[in-house]
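Visitor: Could you take me through this model and give the reason behind each label you use?

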Amino acid sequence: QGQMEESGGGSVEAGGSLTLSCVAPPSAYSKHCMGWFRQVPGKAREGVAAVYIPSGRTYYPNDSAAKGRFTISQDTANNGVILQMNNLKPEDTGMYFCAASTSRSVLWYNPTTFDVWGQGTQVTVSS
């Protein structure tokens, strides 16, 4: 099975922006959801944003400080998904993973329901 290919991570100062892009492999053609997860050392991987396919409905954590600053969208031309991150804060720092799920019972916030993953891209926000 192929893996998601992520790009766009890097280091920025607080208040800056980054755009993360991700392309799904052919094996994820029948995907029902694509999402981004963040992981920091010692903590579980957490959902940041997701988009269901083909409805296009997007989801973000209700209690997330990122709400209103992050926007996920489909990149249909490249069979992928884009995460636009604005007004970045130091607490946004982490490894960001793109994932796709070929399961109809996917839960956008639950990483165990996603079956195709990328290797991750590091985002570092300095104060």
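The turns below go from the whole chain to single residue pairs.

Guide: Keep in mind that this is a predicted model. The chain has zero helices and 11 strands.

Visitor: What makes the chain as compact as a globular protein of that length?

Guide: The radius of gyration is 13 Å, and the globule rule gives 14 Å for 127 residues; the two values are close, so the chain counts as compact in that sense. The C-alpha trace spans about 40 × 25 × 25 Å along its principal axes. Of the 127 residues, 43% count as buried.

Visitor: Why are β1 and β7 called edge strands?

Guide: The open sheet of four strands has the order β1-β3-β8-β7, with antiparallel pairing. In this sheet β1 (5-7) and β7 each pair on one side only, and that places them at the edges. Neighbouring strands of the sheet are turned by 15° against each other on average, direction ignored.

Visitor: How do you know that β3 and β8 pair?

Guide: Pairing takes at least two bridges between the strands. Strand β3 (residues 18-23) and β8 have six, in the antiparallel sense, so the condition is met. As an example, Ser21 has Ile82 in β8 as its bridge partner.

Visitor: Which strands pair with β11, and in what sense?

Guide: Strand β2 (residues 10-13) pairs with β11 in the parallel sense over four bridges, and Val12 is matched there with Val125. Strand β9 (residues 94-101) pairs with β11 in the antiparallel sense over three bridges, with Thr121 as the bridge partner of Tyr96.

Visitor: What makes the side chains of β11 alternate?

Guide: Thr121, Val123 and Val125 point to one face and are buried. Gln122, Thr124 and Ser126 point to the other face and are not buried.

Visitor: Why is the contact between Arg38 and Glu46 called a salt bridge?

Guide: The label needs a side-chain nitrogen of Lys or Arg within 4 Å of a carboxyl oxygen of Asp or Glu. For Arg38 and Glu46 the N to O distance is 2.9 Å, so the pair qualifies. The structure holds two salt bridges.

Visitor: Are the partners Arg38 and Glu46 buried or partly exposed, and how do you know?

Guide: Buried means under 20% relative accessible area, and exposed means over 50%. Arg38 is at 11% relative accessibility, so Arg38 counts as buried. Glu46 is at 39%, in between, and therefore counts as partly exposed.

Visitor: What makes Arg69 and Asp92 a salt bridge, and what does the pair tie together?

Guide: The closest N and O atoms of Arg69 and Asp92 are 2.8 Å apart. Arg69 lies in the loop between β6 (58-59) and β7 (70-75), and Asp92 in the loop between β8 (80-85) and β9, so the pair ties together parts that are 23 residues apart in sequence. Arg69 counts as buried because its relative accessibility is 8%, and Asp92 is buried with a relative accessible area of 2%.

Visitor: Why is Thr113 counted as buried?

Guide: Thr113 sits in the loop between β9 and β10 (116-117). Its relative accessibility is 18%, so Thr113 counts as buried. The side chain of Thr113 reaches the backbone oxygen of Asn110 at 2.7 Å. Leaving out residues up to four places away in sequence, Thr113 touches Ser101, Ser103, Val106 and Leu107.

Methods. Residues numbered from 1 in each chain as written. Predicted model: local features only at pLDDT ≥ 70, side-chain atom pairs only at ≥ 80, totals over all residues. Heavy atoms only, no water. Buried < 20%, exposed > 50% of the residue type's maximum accessible area, 1.4 Å probe, protein only. Helix = DSSP H or I, 4+ residues; strand = E, 2+ residues; numbered from the N terminus. Polar contact = N/O pair within 3.5 Å; in protein donor to acceptor, adjacent residues only side chain to side chain. Contact = heavy atoms within 4.5 Å. Axes fitted to C-alpha atoms, helices over the stretch in contact; angles between N-to-C directions. Rg over C-alpha atoms; globule rule 2.2 N^0.38 Å.
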